[in-house]
Amino acid sequence: MLKLIAIVGTNSKRSTNRQLIQYMQKHFADKAEIELVEIKDIPVFNKPADKLLPAEILEIAAKIEASDGVIIGTPEYDHSIPAVLMSALAWLSYGIYPLLNKPIMITGAFSTRSEERRVGKECRS
């Protein structure tokens, strides 16, 4: 069975993207174990002088490394991804590389195709 990590790419309490991931957890339960990972409480990215990563980031990175793949559920905010997701991705590429060579699926509950394209482009950057 596949082990997937699903990052909720928003800090909204009423996120349709969180609901989408929860639906995926139930719908694909016989094919994959999907663990929901919240990033709403991680600190804003700021290159630390001591170069130490926050414990929350190290925990997420360990889960990603132990997984078969990652799902990122994100909305589109102002033609981009939410700041909390951008910050999480920055932390996850600051001296550590848990996402390198890891299959990643970007999904979201978008109202238009242009929102979907903008988010996909931003996440791949």
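How does Glu 33 count at 43% relative accessibility: buried, exposed or partly exposed? Glu 33 counts as partly exposed, because 43% falls between the 20% limit for buried and the 50% limit for exposed. The model behind this value is predicted.

## Overall architecture

The protein has 4 helices and 4 strands. From the N terminus on, the elements run β-α-β-α-β-α-β-α.

Of the 125 residues, 42% count as buried. The accessible surface comes to about 7,500 Å². Carbon and sulfur atoms account for 54% of that surface. Contacts over long stretches of sequence are a further topic. Among contacts between residues at least 6 apart in sequence, 79% join residues at least 24 apart.

## Helix H1

Helix H1 covers residues 16–27, 12 residues in total. From its first C-alpha to its last it reaches 16 Å. That is close to the 16 Å expected at 1.5 Å a residue. The buried residues of H1 are Asn 17, Arg 18, Ile 21 and Met 24. Seen down the axis of H1, these buried residues fall within an arc of 120°, so they line one face of the helix. An α-helix has 3.6 residues a turn, so residues three or four places apart point the same way.

The buried residues of H1 pack against four strands: E1 (2–8), E2 (32–38), E3 (69–73) and E4 (104–107). Ser 15 caps the N-terminal end of H1. A side-chain oxygen of Ser 15 lies 3.0 Å from the backbone nitrogen of Asn 17. Asn 17 is also one of the buried residues of H1.

## Helix H2

Helix H2 spans residues 55–65. Its buried residues are Ile 57, Ile 60, Ala 61 and Ile 64. Seen down the axis of H2, they fall within an arc of 100°, so they line one face of the helix.

The buried residues of H2 pack against strands E1, E2 and E3. They also pack against helix H3 (83–91).

## Salt bridge between strands E1 and E2

The structure holds 5 salt bridges. One of them joins Lys 3 and Glu 33. The closest N and O atoms of this pair are 3.6 Å apart. Lys 3 lies in strand E1 and Glu 33 in strand E2, so the pair ties together parts that are 30 residues apart in sequence.

Both partners are partly exposed. Lys 3 has 26% relative accessibility and so counts as partly exposed. Glu 33, at 43%, counts as partly exposed too.

## Salt-bridge network at Lys 63

Which residues are linked with Lys 63 in a network of salt bridges? They are Glu 35 and Glu 59. The side chains of Glu 35 and Lys 63 meet at 2.7 Å, N to O. This pair links distant parts of the chain: Glu 35 is in strand E2, Lys 63 in helix H2, and they are 28 residues apart. The side chains of Lys 63 and Glu 59 form a salt bridge at 3.7 Å, N to O. Here the two residues both lie in helix H2. They are 4 residues apart, about one turn of the helix.

Glu 35 counts as partly exposed at 23% relative accessibility. Lys 63 is partly exposed as well, with a relative accessible area of 26%.

Definitions and conventions: Residues numbered from 1 in each chain as written. Predicted model: local features only at pLDDT ≥ 70, side-chain atom pairs only at ≥ 80, totals over all residues. Heavy atoms only, no water. Expected span 1.5 Å × (residues − 1). Buried < 20%, exposed > 50% of the residue type's maximum accessible area, 1.4 Å probe, protein only. Arc of directions from axis to C-beta. Contact = heavy atoms within 4.5 Å. Polar contact = N/O pair within 3.5 Å; in protein donor to acceptor, adjacent residues only side chain to side chain. Salt bridge = Lys/Arg side-chain N within 4 Å of Asp/Glu carboxyl O. Areas by Shrake-Rupley, 256 points an atom, 1.4 Å probe, with all protein chains shown as cover.
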